[in-house]
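Biologist: I should like to go through this structure with you, beginning with its pockets. Could you put it on the screen?

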Amino acid sequence: MTHFAIVLAAGASTRMGTCKTSLPWGEGKTLLTYQIEQWLNLDFTPVVVLGLHNSHKQKDCPPGSLTIINPHTNAGKTTSLLAGLRHIPPDFEVLAISAVDQPRKLEIYQRLLQAHINNAALITAPMYKDKMGHPLLLDQKMRSHLQNIREETFGLRQVIKEFYPLIHKVEFDHPAVLIDINTPEVYEQLRNF
């Protein structure tokens, strides 16, 4: 299998007030298990990056996923992305970058993957009304650019800015691709989406 997804789950969840990985989502699942299962259902190998504060959540990661502990989470999200990238084989075909607080239904991932493959895209991104959403899908040719991201240059944002004209944008007619659960209010509003 040459499709991988880095699932960023190492944040401190300060605005949420509780660790997002354990928030209930869907039938008897947590946000963490829900996200991992979506990628597994698509035949991706999820590489889950946890922090020291939630490293005990490794036990919640279903078989077929790989968990990494990033001890440097206080240095920014870029460190988690780079930690995950170190565990992705060099010959991957598709790499998705997703976050635990951005749950998506399987159909969204399927549509993005199909568009990514059909267009032989370097980067594929979902769009809703001119706003770019998540997750991003990247081709193997983007690996060297990912390996060079730094917190000081805004991490992944710099890559998106640099390659923006080449990004294959997939338009969705629903704002689900923009969902980002950062506060208890947003969580309550969306938990039954």
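Biologist: How many nonpolar, polar and charged residues are in the lining of the largest pocket?
Modeller: This is a predicted model. In it, that lining has 15 polar, 14 nonpolar and 7 charged residues.

Biologist: Which residues lie nearest the centre of the largest pocket?
Modeller: Those are Leu8, Lys77, Ala99, Asp101 and Gln102, out of 36 residues that line the pocket.

Biologist: And what is its volume?
Modeller: The volume of the largest pocket is about 1,100 Å³.

Biologist: Which elements each supply at least two residues of that lining?
Modeller: Strand 1, helix 2 (77-85), strand 4 and helix 5 (156-163) do so. Helix 2 provides the largest share, with 4 residues.

Biologist: Let us turn to the interior. Which residues have the most contacts inside the largest nonpolar core?
Modeller: Trp25, Leu32, Trp39, Leu42, Phe44, Val48 and Ile181 have the most contacts there, in a core of 35 residues. Two or more residues come from each of strand 1 (3-9), helix 1 (31-41), strand 2 (45-51), strand 4 (94-99), helix 3 (106-118) and helix 6 (184-190).

Biologist: Which element gives the most to this core?
Modeller: Helix 3 does, with 6 residues. Another core, of 28 residues, lies apart from this one; Val49, Ala83, Ile88 and Leu136 are among its members.

Biologist: Staying with helix 3, which of its residues are buried?
Modeller: Leu106, Ile108, Tyr109, Leu112, Leu113, Ala115 and His116 are the buried residues of helix 3. They pack against strand 1, helix 1 and strand 4, and also against strand 5 (123-128), strand 7 (136-139) and strand 8 (168-171).

Biologist: What span should helix 3 have?
Modeller: Its 13 residues should span 18 Å at 1.5 Å a residue, and the end C-alpha atoms are 18 Å apart, so the two values agree. After helix 3 comes Ala120, with a positive phi near 45 degrees.

Biologist: One last residue: is Val94 buried or exposed?
Modeller: Val94, which is found in strand 4, has a relative accessible area of 3%. The cut-off for buried is under 20%, so Val94 counts as buried.

Biologist: What is Val94 in contact with, leaving aside its neighbours within four places in sequence?
Modeller: Its contacts are Thr2, His3, Phe4, Phe44, Leu113, His116, Leu137 and Leu138. As for Lys141, 47 residues apart from Val94 along the chain, the two C-alpha atoms are separated by 9.8 Å.

Conventions: Residues are numbered from 1 along each chain as its sequence is written. This is a predicted model: local features need pLDDT of at least 70, side-chain atom pairs count only at pLDDT 80 or more; totals for chains, interfaces and linings use all residues. Side-chain values use heavy atoms; hydrogens and water are left out. A nonpolar core is a set of buried Ala, Val, Leu, Ile, Met, Phe, Trp, Tyr and Cys residues joined through side-chain atoms within 4.5 Å. Buried means under 20% relative accessible area, exposed over 50%, partly exposed in between (1.4 Å probe, protein chains only). On a 1 Å grid over the protein atoms alone, a cavity is a set of points where a 1.4 Å probe fits but cannot get out, and a pocket is an open set with protein on both sides within 12 Å along at least five of seven lines; lining residues have an atom within 4 Å of a point. Grid points are joined across faces, edges and corners, and a volume is the space filled by probe spheres set on the points. Ala, Val, Leu, Ile, Met, Phe, Trp, Tyr, Cys and Pro count as nonpolar, Asp, Glu, Lys and Arg as charged, and the others, Gly among them, as polar. The expected span of a helix is 1.5 Å times one less than its number of residues. Contact means heavy atoms within 4.5 Å.
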